[in-house]
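Here are some notes for you to read with the model open beside them. Take the points one at a time and look up each residue as you go.

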Amino acid sequence: MTHEATPGSSGYLEMYPERKMSYFKNPYILGVTAAAGIGGLLFGYDTGVISGALLYIKDDFEIVQKSSFLQETIVSMALVGAIIGAATGGWINDVFGRKKASLNADVVFTLGSVVMAAAPNPYVLIFGRFLVGLGVGVASVTAPVYIAESSPSEIRGSLVSTNVLMITGGQFLSYLINLAFTEVPGTWRWMLGVAGLPAVIQFCVMLFLPESPRWLFLKNRKDEAISVLANIYNHERLEDEVDYLTAVSEQERQKQKNIRYMDVFRSKEIRIAFFVGAGLQAFQQFTGISIVMYYSPTIIAMAGFNSNKLALLLSLIGAGMNAAGTILGIYLIDHAGRRKLALSSLSGAIVALAILSVGSYLEISDSTNRTYGWIAVIGLALYILFFAPGMGPVPWTVNSEIYPEEFRGVCGGMSATVNWICSVIMSESFLSISDAVGLGGSFVILSVITVVAFFFVLLFVPETKGLTFEEVALIWKRRAWGNNQNTQSLLERRNQS
């Protein structure tokens, strides 16, 4: 089989258009995606639930009420756990497989939820947040890779973005549950404890799901891999996919031997790929999404809305808009492409942050005029609407597809770790920076960072829509070593498609 006829590539699908997969064509793929995406649901729920729970934790623990640092630590300790979980998650994925990594994450997350719900003081609560973060960190690495490796390349972006929809759906669910428990004794304990239920459900479902076929091929378990692929492709395409994966898996097995974290930086091609992947993850956080999702009720309260219930209700609407925007992103990511979607998203976010900043400044200057507070809320809503379809799914999708198989677990874990580290920086510093420069000033800083993010995507991020993993690898070879016949034909094919 020639390179131009690689399964899933534009050339292959032009030769055999009847073999092209559509998003809703195979219920098995959607089922696997939904089950793996529960890891994204846990990610999203943990992100959103603390924003509402924190309002009531401060009521129960006076020491938390008096300390911005303690509030920031309760929020960010889950992110510290996620850093460790993501850093080790790549290794766990490569050694034990995507399925076992997901099962282990579910166990740790459930344990953390129980500890949080029963916490007698803020310090035990912080430990529970750390455990939950460990589970979320492993899941954040595992789910996108598991979905990507089980997906036909022509719908890979949409399927991986479905995991991001689960993240935003988890955030919406967390605000809904926060609102439901506002009048229930124990408020925040219920809010945090309920998080264990999806983890238990995923654990039970994952027991009956197969391992990633790519990982099975890599571990020389070809018969198991073929039985999984038979559920994904029709007979004609199955033959080609098996031949293709058989050919590349032997090369990948040889390359994967003795892969270490430092090997990422020894290869020029992998360095370039990691720079792009980690840069996208960093800018996803530095453009402010963690602040919006962790602190939206607090931001709304700072904008002049003093009712906890109203702050939660407005945050719930924002979370719903986030989920709706992600659905749009699922469609656009395999139609408009990753790069255009990210650039459009960042352009809108810059405008929204400017509106949010102006509204915050005006509200502070005249706190009696509720109109100014609503300007800030409108800016917040616009930010979510622009961010959700683009910079929500694009970093995770791109990172699931830009690394060669032998580096996919390691680089995926490292780039997710970058995401979590940046999330810690943002969540741990937001209240302190707002105290120092004001709420409006903090959003001015975010808007400047978003401009930098726009130029990062414009200059460094390639379009990977519809390409196989091996075709994406040729992009980095070209950037590292210049044009050659293979990379030039790839670029011409991309331009034609």
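1. Let's begin with Glu224, which counts as partly exposed because its relative accessibility is 39%. Its salt-bridge partner is Arg221, and the closest N and O atoms of the two are 2.9 Å apart. Arg221 is partly exposed as well, at 33% relative accessibility. Keep in mind that this is a predicted model, so treat everything below as computed from it.

2. Right beside Arg221 in the numbering, have a look at Asn220. Where does Asn220 sit? You'll find Asn220 in the loop between α10 (213–218) and α11 (222–229). Its relative accessible area is 56%, so Asn220 is exposed. The backbone is worth a glance too: phi of Asn220 is near 65°, which is positive even though the residue isn't glycine. For background, most residues other than glycine have a negative phi.

3. Back to salt bridges: how many does a search of the whole structure find? It turns up 11. One of the pairs to check is Asp46 with Arg129, where the closest N and O atoms are 2.7 Å apart. Asp46 belongs to helix α2 (residues 27–60) and Arg129 to helix α6 (residues 122–149), so this pair ties together parts that are 83 residues apart in sequence. Are Asp46 and Arg129 buried or exposed? Both are buried. As a general reminder, side chains of opposite charge can pair when their charged atoms come close.

4. Another salt bridge joins Glu149 and Arg98, with 2.7 Å between the closest N and O atoms. Glu149 is in helix α6 and Arg98 in helix α5, so to speak two distant parts of the chain, 51 residues apart, linked by the pair. Both of these residues are buried. Don't stop at the pair, though: Asp94, Arg98, Glu149 and Arg408 are linked in a network of salt bridges.

5. While you're at Arg98, follow helix α5 (residues 98–117) along its length. This helix has 20 residues and spans 29 Å from first C-alpha to last, close to the 28 Å expected at 1.5 Å a residue. Quite a list of α5 residues is buried, including Arg98, Lys99, Leu103, Asp106, Phe109 and Met116.

6. Now for the rings. A search of the whole structure finds 13 aromatic pairs. One of them is Phe275 with Phe460, an edge-to-face pair with 5.1 Å from centre to centre and 90° between the planes. Phe275 is in helix α14 (residues 268–286) and Phe460 in helix α20 (residues 405–460), so the pair ties together parts that are 185 residues apart in sequence. Phe275 is partly exposed, at 40% relative accessibility, and Phe460 is partly exposed too, at 34%.

7. Phe460 has another ring partner in Phe456. Their centres are 5.4 Å apart and their planes meet at 50°, so this pair is tilted. Why are they about one helical turn from each other? Because Phe456 and Phe460 are 4 residues apart in helix α20. Phe456 counts as buried, at 8% relative accessibility. Zoom out a little and you'll see that ring pairs link Phe275, Phe283, Phe456 and Phe460 into a cluster.

8. Phe275 and Phe460 turn up again on the surface. Together with Val451, Phe455, Leu458 and Leu459, they form a nonpolar patch with about 530 Å² of accessible area. Which helix gives the most to the patch? That's α20, with 5 residues.

9. Stay with helix α14 for a moment, since Arg271 lies there too. Its relative accessible area is 37%, so Arg271 is partly exposed. Arg271 and Ala480 are 209 residues apart in sequence, yet their C-alpha atoms are 9.3 Å apart in space. For a contact between a charge and a ring, look at Lys268: its charged end sits over the ring of Trp481, 5.2 Å from the ring centre.

10. Last stop: Phe69, in helix α4 (residues 68–96). With a relative accessible area of 56%, Phe69 is exposed. Its C-alpha atom is separated by 8.9 Å from that of Ser429, and the two residues are 360 residues apart along the chain.

Note on methods
Residues are numbered from 1 along each chain as its sequence is written. This is a predicted model: local features need pLDDT of at least 70, side-chain atom pairs count only at pLDDT 80 or more; totals for chains, interfaces and linings use all residues. Side-chain values use heavy atoms; hydrogens and water are left out. Rings of Phe, Tyr and Trp (its six-membered ring) pair if their centres lie within 6.5 Å; planes under 30 degrees apart count as stacked, over 60 as edge-to-face and the rest as tilted. Buried means under 20% relative accessible area, exposed over 50%, partly exposed in between (1.4 Å probe, protein chains only). A charge sits over a ring if NZ of Lys or CZ of Arg is within 6 Å of the ring centre and within 35 degrees of the ring normal. Patches are made of residues with over 30% relative accessible area and no salt bridge: like charges are joined within 9 Å, nonpolar side chains (Val, Leu, Ile, Met, Phe, Trp, Tyr) within 5 Å. Accessible areas come from the Shrake-Rupley method with a 1.4 Å probe; for residues, only the protein chains shown count as cover. A salt bridge is a side-chain nitrogen of Lys or Arg within 4 Å of a carboxyl oxygen of Asp or Glu. The expected span of a helix is 1.5 Å times one less than its number of residues.
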